[in-house]
Amino acid sequence: MLNWPQKAAVALLEYGVHDSHNATNRQRIVVANFFSIIGYSITFLMSISAFVNNNHALGISLFIAGCIFAFAHFLNGFVKHENSYKWSANIVQTCLIVLMLYLVYSGGKSNTGPLWIYIVPPVVFFFGGLKLGGTYLFLFLTVVGMMLFYPADSFLATSYTFDFASRILFSFLTVSLLFGFYEYSRQLAIRHTQQLSDKFEKQAMTDPLTKAPNRRGMKEHLLHEYARSKRSGRNACILLCDIDYFKEINDKFGHDGGDHALVELTKLLKMNLREQDKLARWGGEEFLILLPETAQKQAYALAERLRAAIDNSPVSYNTKQIHMSMSVGLAILDPEQSVDNAINEADKKLYKAKEAGRNKVL
Ligand SMILES: Nc1nc2c(ncn2[C@@H]2O[C@H](COP(=O)(O)OP(=O)(O)OP(=O)(O)O)[C@@H](O)[C@H]2O)c(=O)[nH]1
């Protein structure tokens, strides 16, 4: 259970996060909010301090910056837009950069203003990434360099010693390079994690033996097609195919022979299907084929062609021939009914095809 200060902190950080945001955008909003909160908390405090020290110009500048940071924070909440965090992040960055330039220009309190510019690299790299963040940083560094070293302090309202200015610039450059390298490593790690996650996701949806989608992979295709036929009003069909007497094939040719037959059968089915059709290994010796935007008559003709192709193409295995046949149950993927209904219907038809002597389409 969170106590009330923790709850308040969470509410402030997650301000503007909606259910529609994905995990990455949620994180960006939270970080944009975090930077805004840090931004206005510090600038308001510094502003009070500047007023107390009778530095009104600095006090007003910091107060305005604080208001802009606060605006960036609350923008996420009252603009209900998918990209509102980007605007908020842009405001935070721009305001920060302008404020930092002003601190360099004016010297801030007791000429310590330039010491704040180290906040810039992490912020611009986080929001802009390596390329955009690097570009912003390069421009910022060029402007700061000009301000610090232009003859006769023409772009400064104060004056810095040469030693101070050059150390500020070199240390800033070092910090920027370190953050740039950190950002580069972070992006590499994110890309690597994403690639791994895509690979595992693909593996989880693929049958390792035949490399065809498995039941889980096919469920995605079925739901996608079901939604599409609901919109278009055009039916799809499904074929549930089961190899006849497969146990006998295993008994006769061994498990490896059975595996080989399954792989070759998958290739044969794929060869006889159209580009848009989807084939999946539904179970042991059972395959499910999805035929998008296909009427029952066409689906029947296609199923009959597949059945005949399997029946007439024995598979070679170790100098022997494995002859296979398959029974097929056909069902319409009716948008008025559920996907499970269609699968049950195809299953019943398949059972009847088996009962009627196998090697049949029903
Ligand atoms: N080699 C191999 N065999 C499998 C695999 N998955 C399931 N099987 C076998 O497939 C056989 C299916 O047998 P049954 O369900 O009795 O069906 P069947 O012999 O094809 O008979 P009908 O379907 O009634 O025509 C079983 O012996 C399973 O062990 C696999 O990945 N590789």
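User: Two strands pair if DSSP finds at least two bridges between them, and strands (E, at least two residues) and helices (H or I, at least four) are DSSP runs numbered from the N terminus. In E6, which residue is the bridge partner of Leu239?

Analyst: Happy to help! This is a predicted model, in which local features need pLDDT of at least 70 and side-chain atom pairs count only at pLDDT 80 or more, while totals for chains, interfaces and linings use all residues. Residues are numbered from 1 along each chain as its sequence is written. Strand E1 (residues 236–243) runs antiparallel to E6 and is joined to it by eight bridges; within E6, the bridge partner of Leu239 is Leu330.

User: And which residue in E6 does Ala236 stand opposite?

Analyst: We stay with the antiparallel E1 and E6, linked by eight bridges. Across from Ala236, in E6, stands Leu333.

User: Which strands stand at the edges of the open sheet?

Analyst: The open sheet has four strands with antiparallel pairing, in the order E2-E3-E1-E6. An edge strand has a single partner, so one side of it is left without a neighbour in the sheet. Here that applies to E2 (278–281) and E6.

User: By how many degrees are neighbouring strands of that open, four-stranded sheet turned against each other on average?

Analyst: Axes are lines fitted to C-alpha atoms (for helices, over the stretch in contact), with angles from 0 to 180 degrees between N-to-C directions. The four strands of this open sheet pair in an antiparallel way. With direction ignored, the average turn between its neighbours is 20 degrees.

User: How many residues of strand E6 are buried?

Analyst: A residue is buried if 20 or more other C-beta atoms, placed from the backbone, lie within 10 Å of its own. Met326, Val328, Leu330 and Ile332 point one way from E6, and Ser327, Gly329, Ala331 and Leu333 the other way, all of them buried. E6 (residues 326–333) is therefore largely enclosed by the rest of the structure, its buried count being eight of eight.

User: How far apart are the end C-alpha atoms of helix H6?

Analyst: H6 covers residues 162–204, and its buried residues are Ala165, Phe172, Ser176, Phe179 and Glu183. The expected span is 1.5 Å times one less than the number of residues. For the 43 residues of H6 that gives 63 Å, which agrees with the end-to-end C-alpha distance of 62 Å.

User: How do helices H2 and H3 run relative to each other, roughly parallel or roughly antiparallel?

Analyst: The axes of H2 (residues 23–52) and H3 (residues 56–78) are 8 Å apart, and the two helices pack at about 160 degrees. Angles under 35 degrees count as roughly parallel and those over 145 as roughly antiparallel. H2 and H3 are therefore roughly antiparallel.

Note on methods:
Buried ≥ 20, exposed ≤ 12 C-beta atoms within 10 Å, placed from the backbone. Parallel < 35°, antiparallel > 145°, perpendicular 65-115°, else oblique.
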